[in-house]
Amino acid sequence: MNTNLLLLCALFCLALVISPVEGKKKKASPAEGAAPPWKVKFNVQLGKGKKGSFVVEVHPEWAPLGAARFKELIDADFFKGVRFFRVIEGFMAQFGIHGKPSIAAEWRDNKLVDDPVVESNARGYISFATSGKDSRTTQMFINFSDNSNLDGMGFSPFAKVVEGMDDCVDQVYKGYGEGAPSGKGPEQGRIQTEGNKYLKKDFPNLSYIISTELVGDAKEDL
């Protein structure tokens, strides 16, 4: 075998080794060294005389910054009395504006840098709402169905509902639908400035969170 033929064989073998790696796009991977998953139980007033609960499993490796912000909110007992103010059948249930305007104002400009999207917005998965790049604060939503179209828009799930999706989350009041001005539901600006006083008066049927509590090992570990 001559020298030129040996050189061609060597180059061919090298191409077989490197071409599959170079041709693949790397998928976003979970954060290394992230804390283990932990759980929170939400107790909810679904309607007059009707209560329910659901359990959320938080995955810091999916969206570290989002999971850390959620932990801040849980530690501050932020969700007590918070309404599900934008609930759209077949799409999602949005919540996260505090019922006291003074507290809502404290968080409104405390924005997070975006997390890469690692998981998809499937049914039961929870992501923070955004108004653009690096704009997450306290508002979030639970997906009622597969909303994977949101993945490419930067909505990064940080948790999922593992108990009570059918019995509680699906039962959250949906009668007001989309918010004003495009729908007949609450106006977010007025929730920010007037709080639950506005919601109780004009949207009395909204489901709301009674309390939250850490579940299982999370009580000791966090």
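This briefing covers the sheet, one helix and the nonpolar cores of the structure above. The model is predicted: local features need pLDDT of at least 70, side-chain atom pairs count only at pLDDT 80 or more, and totals for chains, interfaces and linings use all residues. Residues are numbered from 1 along each chain as its sequence is written, and side-chain values use heavy atoms, without hydrogens and water.

**Sheet**
- Eight strands (DSSP E runs of at least two residues, numbered from the N terminus) make an open, antiparallel sheet, ordered β3-β4-β6-β5-β7-β2-β1-β8.
- β3 (84-88) and β8 (208-215) are the edge strands; each has a single partner, so one side of each lacks a neighbour in the sheet.
- Strands count as paired if DSSP finds at least two bridges between them.
- Neighbouring strands are turned by 25 degrees on average, direction ignored; axes are lines fitted to C-alpha atoms, with angles from 0 to 180 degrees between N-to-C directions.
- β3 and β4 (residues 92-95) run antiparallel, joined by four bridges.
- Isoleucine 88 faces methionine 92 in β4.

**Helix**
- Helix α2 (residues 64-75; helices are DSSP H or I runs of at least four residues) lies across β1, β2, β5, β6, β7 and β8, at about 60 degrees to β1.

**Cores**
- The largest nonpolar core (buried Ala, Val, Leu, Ile, Met, Phe, Trp, Tyr and Cys joined through side-chain atoms within 4.5 Å; buried is under 20% relative accessible area, 1.4 Å probe, protein chains only) has 35 residues.
- Phe42, Phe54, Phe70 and Phe79 have the most contacts inside this core.
- Strand β1 (residues 38-47) gives the largest share, five residues.
- A second, separate core of nine residues includes Phe85, Ile97, Tyr198 and Leu199.

How values were computed:
Buried < 20%, exposed > 50% of the residue type's maximum accessible area, 1.4 Å probe, protein only. Contact = heavy atoms within 4.5 Å.
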